[in-house]
Amino acid sequence: AHEDTALQPRLPPKELSYGATEARVRHSPVVFAPSSSPAKRDYLIAAVLCYANLINFMDWFIVPGILLDIQKYFELSDGDTGLLQTVFILCYMLAAPIFGYLGDRYNRKIILGAGIFFWSGVTLGSSFITESYYWIFFLSRGLVGIGTASYSTVAPTIIADLFEEGKRTTMLSIFYIFIPVGSGLGYVLAAGMAEVTGDWHWAFRITPCMGALAVVLLILLVPHRTQRRTAAHRALSISGTIRVAAEKPGVHRTAKTTWCQDVISLAKNWSFVWSSLGLTAMAFVTGALGMWVPLFLYRAQVVQGVVSPCLQESCNSSNSLIFGGITIGTGILGVIIGAEAARRLRKINNKADPLICATSMFISALCLYIALMVAQTNIFSTFIFFAFGELFLSVNWAVVTDILLYVVTPRRQSTAIALQILVSHLLGDAGSPFLIGIISNAIQAKKADSFLWSFWSMQYSFIICAFVGVFGGGFFLLTSFYIEEDRKEAER
């Protein structure tokens, strides 16, 4: 009776929740029993991927860290300055579906290594551009975006392949901690190098060296292929025997599908659709904050008389250093809080993940609105509320990715991540820095140029972020209505 039960093709939904579970079978001729505890090599591979993710996001935020210097050097308006990040994100998001397609079908180690080598080389080259060739600087940021797309699309799927559900959530949380840590270090590196050398170009010459080390570690430690945890493998591991399960009429080998079929299937997955729109709202807000907050703080301080207007060659970078530190601290804390809250609340509520994301988005929007309102009178309170706004945004990073990984069947995960990158950046941070800059320009044009009006123009244009954050919370609430059904469908 025990053996018959172990070989049943159907399993209770509880046993299948959030990933593979392994049934114990004592008497089987051929047993497929993957180890439940990852090897040390798996953790080393994950460490290399986390290190590369750190460099990835440091490169993203070098430009915002020295934005005032770059704006002066190339004589850019607010609109043109915002376009710098827009070019980067546009190229990043357009390249992501291509690398998603390649990541589901070809050697992911080669894709990762080539991407890191390419974006590191372009970053180094951009440090030698003179002020008369500002268009080459714009082009270089676009090329860096293409290189980073190859990494961001493929790396999470390797971690998903290496670890089972419980470990997977933990490792993804660690991986995504390096988004805010890398972002913050990008500000710190850029501001620090500009401060030490007196030349902002040196900020672009450190991460290429770190990228070269990442490529070497990738070659030495990451295998050419990692085992894909397909739905068929999960069913076989639970049933306990490949041979018997293959003979069962209800178990079939996973059929290959075209890219268009994958996209159509994902479009019908409402948990994926609504959570991707929620992530889009997050990207819109984080893109605008990441680009403009140091400059906004500088203008607020000038209005308050805390600092003098920057007229010399190298501007004070203290705001970038402080904001970078805030980004690192709130990012680490936020991701840990999000992962732990999800782990605990899943036990009592199957809709915990989207509800956590919705709540954090609403609180973040409120904090950002307060930060903008108090900026003219109290700069310390502004820093505090910006910190809380970033903290609650960071709560969602690992949780959103985990939602995707259990509502999408494994053979479509790279494509799903690529599409999520495309949508979230197309409607999110590809346009938000440019939009904020354009609105600021339009407001400034209505009055004579002054430091006070320059501050107000940025303040008024920034308020849109608070409203977008509220919409993001609504999208995650909609996700909660579909997530249980879509998770069961992915398990089937």
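Glu75 lies in the loop between H5 and helix H6 (78-105). The model is a predicted one. Glu75 comes just after H5 and takes a positive phi of about 55 degrees. Most residues other than glycine have a negative phi. Glu75 is not a glycine, yet its phi is positive. Is Glu75 buried or exposed? Its relative accessible area is 71%, and the cut-off for exposed is over 50%, so Glu75 counts as exposed.

**Helix H5**

The helix before that loop is a covered one. H5 is mostly buried, with 6 of its 8 residues in that class. Those residues are Leu67, Leu68, Asp69, Ile70, Gln71 and Phe74. An α-helix has 3.6 residues a turn, so residues three or four places apart point the same way.

Asp69 deserves a separate look. It sits in H5, which spans residues 67-74. Why does Asp69 count as buried? Its relative accessibility is 6%, and buried means under 20%, so Asp69 falls in the buried class. Asp69 also has a partner far along the chain. Trp200 is 131 residues away in sequence, but the two C-alpha atoms are separated by 7.1 Å.

**The chain as a whole**

The protein chain holds 23 helices and 0 strands. It has 492 residues, and 56% of them count as buried. The accessible surface comes to about 21000 Å². Carbon and sulfur atoms account for 66% of that surface. How are the contacts spread along the sequence? Take the contacts between residues at least 6 apart in sequence: 86% of them join residues at least 24 apart.

**Cavities**

How many cavities of 30 Å³ or more does a search of the whole structure find? The search gives 6. The largest cavity has a volume of about 620 Å³. It is lined by 37 residues, and the closest to its centre are Phe57, Trp60, Ile179, Trp397 and His425. By class, the lining has 21 nonpolar, 14 polar and 2 charged residues. Which domains contribute to this lining? Domain 1 (37-237) and domain 2 (258-491) each supply at least three residues.

**Three more buried helix residues**

Asn319, Ile379 and Thr401 are placed in helices H15, H17 and H18 in turn. The table sets out a C-alpha distance for each residue.

| Residue | Helix | Partner | Sequence separation | C-alpha distance |
|---|---|---|---|---|
| Asn319 | H15 (318-345) | Gln301 | 18 residues | 9.9 Å |
| Ile379 | H17 (379-394) | Leu297 | 82 residues | 7.6 Å |
| Thr401 | H18 (397-407) | Gln420 | 19 residues | 9.8 Å |

Asn319 has a relative accessibility of 6%, which is under the 20% cut-off, so Asn319 is buried. What does Asn319 contact, leaving aside its neighbours within four places in sequence? The list is Pro294, Leu297, Tyr298, Gln301 and Phe383. Gln301 is thus both a contact of Asn319 and its partner in the table.

Ile379 stands at 15% relative accessibility and counts as buried. Beyond its neighbours within four places in sequence, Ile379 is in contact with Leu297, Ala300, Gln301 and Gln304. Leu297 and Gln301 appear here, and they also appear among the contacts of Asn319. Leu297 lies 82 residues from Ile379 along the chain, with 7.6 Å between their C-alpha atoms.

Thr401 is buried too, at 8% relative accessibility. Its contacts, again leaving aside neighbours within four places in sequence, are Leu172 and Tyr176. Gln420, 19 residues from Thr401 in sequence, is 9.8 Å from it, C-alpha to C-alpha.

**Buried and exposed sites together**

Asp69 is buried at 6%, and Asn319 is buried at 6% as well. Thr401 is buried at 8%, and Ile379 at 15%. Glu75, in contrast, is exposed at 71%. Asp69 belongs to H5, while Glu75 sits in the loop between H5 and H6.

Notes
Residues are numbered from 1 along each chain as its sequence is written. This is a predicted model: local features need pLDDT of at least 70, side-chain atom pairs count only at pLDDT 80 or more; totals for chains, interfaces and linings use all residues. Side-chain values use heavy atoms; hydrogens and water are left out. Helices (H or I, at least four residues) and strands (E, at least two) are DSSP runs, numbered from the N terminus. Buried means under 20% relative accessible area, exposed over 50%, partly exposed in between (1.4 Å probe, protein chains only). Contact means heavy atoms within 4.5 Å. Accessible areas come from the Shrake-Rupley method with a 1.4 Å probe; for residues, only the protein chains shown count as cover. On a 1 Å grid over the protein atoms alone, a cavity is a set of points where a 1.4 Å probe fits but cannot get out, and a pocket is an open set with protein on both sides within 12 Å along at least five of seven lines; lining residues have an atom within 4 Å of a point. Grid points are joined across faces, edges and corners, and a volume is the space filled by probe spheres set on the points. Ala, Val, Leu, Ile, Met, Phe, Trp, Tyr, Cys and Pro count as nonpolar, Asp, Glu, Lys and Arg as charged, and the others, Gly among them, as polar. Domain bounds come from an automatic or database domain assignment.
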